[in-house]
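Let's take a walk through this structure, starting from the inside and working along a few side chains. Have the coordinates open as you read.

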Amino acid sequence: MCYLTSMMREQKAGKLVPLEGLRGVAAVIVMLGHMVRGLVPPGPGGWDGLHQFHSWLLNGGAAVTVFFVLSGFILSLPFANDRSPLRVLTALLKRWPRLAAVTGNEWMASHFNAPLKGHEISWMAALRDGLYQAFLSGGSRFDSPLWTMRIELFGSFAIFLMAPVLFELQHWPLRLAIVGGVINAAGSAFPLTYVSDFLVGTVLAMLFAENRMPKFSNWSAAGIGLGGVYLFCFSATENHLIHAPIRAILPTGETAHFVWDVSAALIIMVLLGNPFLRHVFSKNWAIWLGLLSFPIYLLHVPIMLSAGAISIVNAVGPLGITGAVLLAAAATMTLTLACALPLAWVDKAWTGVLARVRGL
């Protein structure tokens, strides 16, 4: 417990806590969204309201875009003061192990976008998925959230190449022209189109580092924040009438994330530019969520499809479907948090070692 308290102090001293809190909120949204999809019975019935809530606010695609924009922001910010090659090398060494993961379970034989049927199921196969296939080929057979790791890796490389140049230019029209040109060149095809998410984060980091981030009163923050939530609720698959104007002008392809980019940018600017919201998102709950965000994102699916699935199978007889779903949800969240704590410690220890090596 003493070490966890120390980790919280380091998190508060060394990072922008409101953004880490936002990352934690996004991780929880992804987890809850997957739980509704994976544990709650589909179709009409008593769960209709929950499924409607899922289709709006539990928007996993928008939450993942928030991750990407935040990654672009956090990865870019150090280059405001240090653009040396050693900074790039250290960033790469920190980045790879944080994105690598090992997990495997036969309960995941056919779920979401991680089908295992017809493929090798072994610890070695899981190790290969976690260490390099998730990055190089987008493999996510053992843990479906790993589909984002390939994008995180490519996006990180883009940041490490472009952020030093963009910070060096000191000319905003040229900066925006370069960013716009790269986004246009990346197009709307998976996965390169997602580079835009990271570059939006870079633009926000430059605004923040140069004290150009706008300030918002409580009323203006409320209005802009609601606009961000409206865009966050945009769905790539659901035809909500309220989003019809956006859908009418959106080009074909993998383009919903462009809408979510604007949403993430608005929410981040409001969090950093409004004193009240910045204070709320700087409390201990935000520090904890920031520490646990990546472990929660990484672990919740395999736990849901193992312990959660076992809970439903064993409890549906005595408790009924409602009781079984609630038990499975409780088991998933409890075990995810319990397993997230040691993984957060490993992540913190690794980055601490790299910081000490760099300081030698």
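The largest nonpolar core here has 78 residues, and those with the most contacts inside it are Phe73, Leu204 and Ile268. Keep in mind that this is a predicted model. Helices H2 (17-39), H4 (60-76), H7 (147-169), H8 (172-186), H9 (195-209), H10 (218-232), H12 (256-273) and H14 (284-359) are the elements that give two or more residues to this core. The largest share comes from H14, which puts in 14 residues.

To get a feel for the packing, pick Ile268. Leaving aside residues up to four places away in sequence, Ile268 touches Leu19, Leu22, Val69, Leu70 and Leu204.

Now for H4. This helix has 17 residues, and 14 of them are buried, so H4 is largely enclosed by the rest of the structure. The geometry can be checked by hand: at 1.5 Å a residue, H4 should span 24 Å, and its end C-alpha atoms are indeed 24 Å apart, which agrees. At the N-terminal end of H4, Asn59 acts as the cap, with a side-chain oxygen 3.3 Å from the backbone nitrogen of Gly61.

On to the aromatics. How many aromatic pairs does the count come to? It comes to seven. Take Phe68 and Tyr194: their ring centres are 5.9 Å apart and their planes sit at 75°, so this pair is edge-to-face, the label for planes over 60 degrees apart. Phe68 lies in helix H4 while Tyr194 is in the loop between H8 and H9, so the pair ties together parts that are 126 residues apart in sequence.

Are these two residues buried or exposed? Buried means under 20% relative accessible area. Phe68 has a relative accessible area of 1%, so it is buried, and Tyr194 counts as buried too, at 7%.

Tyr194 has another partner in Phe190: that pair is edge-to-face as well, at 5.9 Å centre to centre with 80° between the planes. Phe190 has 42% relative accessibility, so it counts as partly exposed. Step back a little and you'll find that ring pairs link Phe68, Phe190, Tyr194 and Phe198 into a cluster.

One last stop involves a charge and a ring. The charged end of Arg175 sits over the ring of Trp172, 4.9 Å from the ring centre.

Methods: Residues are numbered from 1 along each chain as its sequence is written. This is a predicted model: local features need pLDDT of at least 70, side-chain atom pairs count only at pLDDT 80 or more; totals for chains, interfaces and linings use all residues. Side-chain values use heavy atoms; hydrogens and water are left out. A nonpolar core is a set of buried Ala, Val, Leu, Ile, Met, Phe, Trp, Tyr and Cys residues joined through side-chain atoms within 4.5 Å. Buried means under 20% relative accessible area, exposed over 50%, partly exposed in between (1.4 Å probe, protein chains only). Helices (H or I, at least four residues) and strands (E, at least two) are DSSP runs, numbered from the N terminus. Contact means heavy atoms within 4.5 Å. Rings of Phe, Tyr and Trp (its six-membered ring) pair if their centres lie within 6.5 Å; planes under 30 degrees apart count as stacked, over 60 as edge-to-face and the rest as tilted. A charge sits over a ring if NZ of Lys or CZ of Arg is within 6 Å of the ring centre and within 35 degrees of the ring normal. The expected span of a helix is 1.5 Å times one less than its number of residues. A polar contact is a pair of N or O atoms within 3.5 Å; within protein, one must be able to donate a hydrogen and the other to accept it, and residues adjacent in sequence count only if both atoms are side-chain atoms.
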